[in-house]
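Open the model in your viewer and keep the selection panel at hand. Each stop below says what to select and what is there.

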Amino acid sequence: MKRSLFSIAIIFTLLSMSACNKDFEETNTNPNTVPVTRPESLLESAIYRMVQANQTRALRLTHELMQVHVTTVNSDEIHRYIIRPSESDYMWNAWYLQITNFRDMYNSAKELALVPSQSYYYSYMGIARVMEAWSFSLLTDTYGDVPFSEATLGRSDNIYQPKFDRQQDIYDSLFKNLEEANTLFARNDTLIPDAAKQRDPLYGGSISKWRKFSNALYLRLLLRASGRPESNAAAKIQQIIATPATYPLMASNEESAVIRFTTTPPFVSAFNTYRDFDFNGDNGLSQFFINTLNLWEDPRRTKWASTVGSNYEGVPSGYMPGQVPERLSFYLATLKNEPRLGNILSYPELQFILAEAALKGYSTGNAKTLYENGVNNAITFWALTVPTGHLAKPGVAWVDTETDAQKLEKIITQKYFTFFFTDFQSWFEYRRTGYPDLPIGPGVQNNRILPTRLVYPTIVQSLNRVNYNEAVSRMGGDNMLIKVWWDVN
């Protein structure tokens, strides 16, 4: 395809972004050579950069959109469902940059694994597949149809204007990737030498834990697609849950997929260098967020929120322009370096996934037991003790006589709190299920509908116009009211 000067400039810009990882080994900086960086080096840097980028957007976008907090800056209108097109650029670039690293990691590991003494690189192939599936799920769930099959091929195949794949086709490919990962992990090739294990910041070289995380991610994505019969997701969910020997799953909080930050660079939270004001000075926790925790008398308040006197108090979201409320409870500054904010997918989330699957008849599990296990572990995940009688409290208690819709609302509302600072997951789940039941403030716009996707970045619209137009025509438009393929709610 024709290579415009603007396209070349963008490619060089994206490739050079990896050079900003100054505390990690330099990766993917020479567009004229085949990647030679070893998989363990790519893994360490790419996971940290992905999670750190996700943290910043959770604070900037997800938590305001999903009423965890409310801005006290009158011109910041995300809580009013106004998201400017420029907001789309950051995550698109950040995610595709690391997808390039994960794909290079897979290709490099595949070549190295051919050497008999290096069979452990089959495990790196599995890890790369998991990370690619996770990254692409974020992309497609945020925007809809995105470049997939031709993405990241600028260096190898001179494809600088990749086609946009349909989300359904992307999901089918992600399922195949996760199947491949499970098969590769089943070999149980131990990472060697010890130095390689140390370059795995997620599980320290434990292939069994990687396999469990991979299958939990598989269930997350299958459940997201389960409203579409053509996905055959329900049958696959049933198979995974029914065959734990073939598809092992997380068994405790300790097996959660969490990048546990330190305070030693570069292994730090994205908020490590933030001033307190930059982190919590221009926002306050919302009424919905705080009032729900107050109703439950949830001990996580002590880890997350400041008090007003001896109480926890929130402010209304979606207020009218010019009517900025007084900030009350806000994020504790200790969260800036909180290791648990590196969450990717936790054991409590998996329990709520399994509870929903049981509720909908996708498995023979007991929905009540799984739900209650999720509730308890969501608290102990934060190194807190579950209060006596917590499962009997109003709003928490599982009531057998309630409707399936009421039970689903309980599951998703609990899951919402497990997504604290976890990329865009609470927004994705709201779009899929309609829960939790968020109040709509008087200043809300976008037809009073919480955005169903982000618009494509402006640079993509101008530099990949033909493929952009095709995707927009197929999806029905490029605005925040267009639904992605799996969104049938």
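How many residues of each class, nonpolar, polar and charged, are in the lining of the largest cavity? The lining has seven nonpolar, three polar and two charged residues. Keep in mind throughout that this is a predicted model.

**Stop 1: the largest cavity**

Select Arg300, Trp304, Arg340, Asn343, Ser346, Pro348, Ala378, Phe381, Trp382, Phe417, Thr418 and Phe420. These residues line the largest cavity. Its volume is about 80 Å³. A search of the whole structure turns up three cavities of 30 Å³ or more.

**Stop 2: the second largest cavity**

Now select Val51, Asn54, Gln55, Trp134, Leu341, Asn343, Ile344, Phe421 and Asp423. They line the second largest cavity, which holds about 50 Å³ of space. Keep Asn343 highlighted: this residue is in the lining of the largest cavity and in that of the second largest. Colour by class, and the second lining divides into five nonpolar, three polar and one charged. Which element gives the largest share of this lining? Helix H2 does, with three residues. H2 and strand S4 (343-345) each supply at least two.

**Stop 3: H2 against H3**

Stay with H2, residues 39-65, and add helix H3, residues 87-112. Their axes come within 9 Å and cross at roughly 160°. The pair is therefore roughly antiparallel. H2 passes H3 in a left-handed crossing. Select the residues in contact: 16 are nonpolar, five polar and five charged.

**Stop 4: two cis peptide bonds**

Most peptide bonds are trans. Go to Pro265 and Pro266 for an exception: the bond between them is cis, with omega near 5°. Pro266 sits in the loop between strand S2 (257-258) and helix H10 (276-281). Next, select Tyr435 and Pro436. A cis peptide bond joins Tyr435 to Pro436, with omega about 0°. Pro436 lies in the loop between helix H16 (425-433) and helix H17 (458-463).

**Stop 5: two positive phi values**

Most residues other than glycine have a negative phi. Remain in the loop between H16 and H17 and pick Asn447. Asn447 is not a glycine, yet its phi is positive, about 60°. Is Asn447 buried or exposed? Asn447 counts as exposed because its relative accessibility is 62%, and the cut-off for exposed is over 50%.

Finish at Ala383, in the loop between helix H14 (367-380) and helix H15 (404-418). Ala383 also has a positive phi of about 60° without being a glycine. At 54% relative accessibility, Ala383 counts as exposed.

Conventions
Residues are numbered from 1 along each chain as its sequence is written. This is a predicted model: local features need pLDDT of at least 70, side-chain atom pairs count only at pLDDT 80 or more; totals for chains, interfaces and linings use all residues. Side-chain values use heavy atoms; hydrogens and water are left out. Axes are lines fitted to C-alpha atoms, for helices over the stretch in contact, and angles run from 0 to 180 degrees between N-to-C directions. Helices (H or I, at least four residues) and strands (E, at least two) are DSSP runs, numbered from the N terminus. Angles under 35 degrees count as roughly parallel, over 145 as roughly antiparallel, 65 to 115 as roughly perpendicular and the rest as oblique. A crossing is left-handed if the near helix is turned anticlockwise from the far one by less than a right angle, and right-handed if clockwise. Ala, Val, Leu, Ile, Met, Phe, Trp, Tyr, Cys and Pro count as nonpolar, Asp, Glu, Lys and Arg as charged, and the others, Gly among them, as polar. Buried means under 20% relative accessible area, exposed over 50%, partly exposed in between (1.4 Å probe, protein chains only). On a 1 Å grid over the protein atoms alone, a cavity is a set of points where a 1.4 Å probe fits but cannot get out, and a pocket is an open set with protein on both sides within 12 Å along at least five of seven lines; lining residues have an atom within 4 Å of a point. Grid points are joined across faces, edges and corners, and a volume is the space filled by probe spheres set on the points.
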